[in-house]
Amino acid sequence: MEERLRLLYTLQMLDANLFRLEESKGDLPGIVRQMREDVAQLEASIQQKRDLITANVAARNKADEDLIEFTEKLERYKSQQYQVRNNKEYDAITKEIEFAVESIASLQGQFQSFEGQMSTAKLDIDALTLKLDEKKEELAEKEVDLAKVSEATEEEETKLRGAREKVAAQIAREDIAQYDRIRNARGIVSVAVIWKNRCCSGCKNQIPPQHLIEIRKNDALYMCQHCGRMIVSDQLATTVDVDA
Ligand SMILES: [Zn+2]
């Protein structure tokens, strides 16, 4: 039993060290992740503007074609206006001319509007591209920093992971399951230790004196009544040294 408790506590110590190692990387992993998202966001915005330009080019070209068509029609109507034989024909051709003139004005307006939207989009793309380049540069720097930090901790991390694997292999499946369950619920500490001679190191609550005696026998797996963590004796904890 004592060995079972010692293994669980060893696993806890190794996990705590791995956690500290991860923490030593500071905010860098989070910062890099955020910056990658920002870069992707900017790229998407630029693409959106490009799509807008493509759509506007098509719409502008269509307006341009229609404009040419109506201009030709207008020329034709104007020359026909001189050849009318009666008022009715004159009125009809006048109506056509008015319609063509209105259409041309409207198409010219559309043409301008498409052109305007395109030049705005182009300016936006320029500004976004500038921002994107800056962000990419910053990201590259942070990635280098992160790589350096990771490299510095890699050796220790590999060592700890190797040790963890060995220890975990010696622990019963149900103990591991329970360990993981507590860890998921309580964070990094699954296996607490008697703290200040009478408390649970996990939640700092007092352990009943009778339980303290039992725990110190190292012959059963005890759970803290307050936080549900496993508790091992302070004496047993001193026999565990994961740095060795
Ligand atoms: Zn507790």
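User: Let's start with helices α1 and α3. Is their crossing left-handed or right-handed?

Analyst: Keep in mind that we're looking at a predicted model. In it, α1 and α3 make a left-handed crossing.

User: Okay, and how do I describe the way two helices pack?

Analyst: The general idea is that you give two things for a packed pair: the angle between the axes and the distance between them. Here, the axes of α1 and α3 are 10 Å apart, and the packing angle is about 165°. Angles over 145 degrees count as roughly antiparallel, and α1 and α3 are therefore roughly antiparallel to each other.

User: Let me try the next pair. At what angle do α2 and α3 cross, and within what distance do their axes come?

Analyst: Helix α2 covers residues 28-81 and helix α3 covers residues 87-169. Their axes cross at roughly 165° and come within 6 Å. That angle makes α2 roughly antiparallel to α3. As for handedness, α2 passes α3 in a left-handed crossing.

User: What kinds of residues make up the contact of α2 with α3?

Analyst: The contact divides into 35 nonpolar residues, 11 polar ones and 20 charged ones.

User: Speaking of charge, what should I look for with charged side chains?

Analyst: In general, side chains of opposite charge can pair when their charged atoms come close. In this structure the count comes to 18 salt bridges.

User: Which residue pairs with E3?

Analyst: R6 does: the E3 and R6 side chains meet in a salt bridge, 3.1 Å from N to O. Both sit in helix α1, which runs over residues 2-24, and because they are 3 residues apart, about one helical turn separates them. E3 itself is partly exposed, with a relative accessible area of 43%.

User: How about α2? Which residue forms a salt bridge with D66?

Analyst: That would be K62, and the closest N and O atoms of the two are 2.9 Å apart. D66 and K62 are both in helix α2, with their positions 4 residues apart, about one turn of the helix.

User: Is D66 buried or exposed?

Analyst: Buried means under 20% relative accessible area. D66 has 19%, so D66 counts as buried. Its partner K62 has 46%, which means that K62 is partly exposed.

User: Can you show me another one in α2?

Analyst: Sure, take K73 and E69, whose side chains meet in a salt bridge at 3.8 Å, N to O. These two also lie in helix α2, 4 residues apart, about one turn. K73 is partly exposed at 24% relative accessible area, and E69 counts as partly exposed at 41%. Salt bridges can share partners too: E22, K25, E157 and R161 are joined that way into one network.

User: Now for the rings. How many aromatic pairs are there?

Analyst: The count comes to 1 aromatic pair. F70 and F99 form it, with 5.9 Å from centre to centre and 70° between the planes, an edge-to-face arrangement.

User: Where do F70 and F99 lie?

Analyst: F70 is in helix α2 and F99 is in helix α3, so the pair ties together parts that are 29 residues apart in sequence.

User: And how accessible are F70 and F99?

Analyst: F70 is buried, with a relative accessible area of 15%, whereas F99 is partly exposed at 47%.

Methods:
Residues are numbered from 1 along each chain as its sequence is written. This is a predicted model: local features need pLDDT of at least 70, side-chain atom pairs count only at pLDDT 80 or more; totals for chains, interfaces and linings use all residues. Side-chain values use heavy atoms; hydrogens and water are left out. Axes are lines fitted to C-alpha atoms, for helices over the stretch in contact, and angles run from 0 to 180 degrees between N-to-C directions. Angles under 35 degrees count as roughly parallel, over 145 as roughly antiparallel, 65 to 115 as roughly perpendicular and the rest as oblique. A crossing is left-handed if the near helix is turned anticlockwise from the far one by less than a right angle, and right-handed if clockwise. Ala, Val, Leu, Ile, Met, Phe, Trp, Tyr, Cys and Pro count as nonpolar, Asp, Glu, Lys and Arg as charged, and the others, Gly among them, as polar. A salt bridge is a side-chain nitrogen of Lys or Arg within 4 Å of a carboxyl oxygen of Asp or Glu. Buried means under 20% relative accessible area, exposed over 50%, partly exposed in between (1.4 Å probe, protein chains only). Rings of Phe, Tyr and Trp (its six-membered ring) pair if their centres lie within 6.5 Å; planes under 30 degrees apart count as stacked, over 60 as edge-to-face and the rest as tilted.
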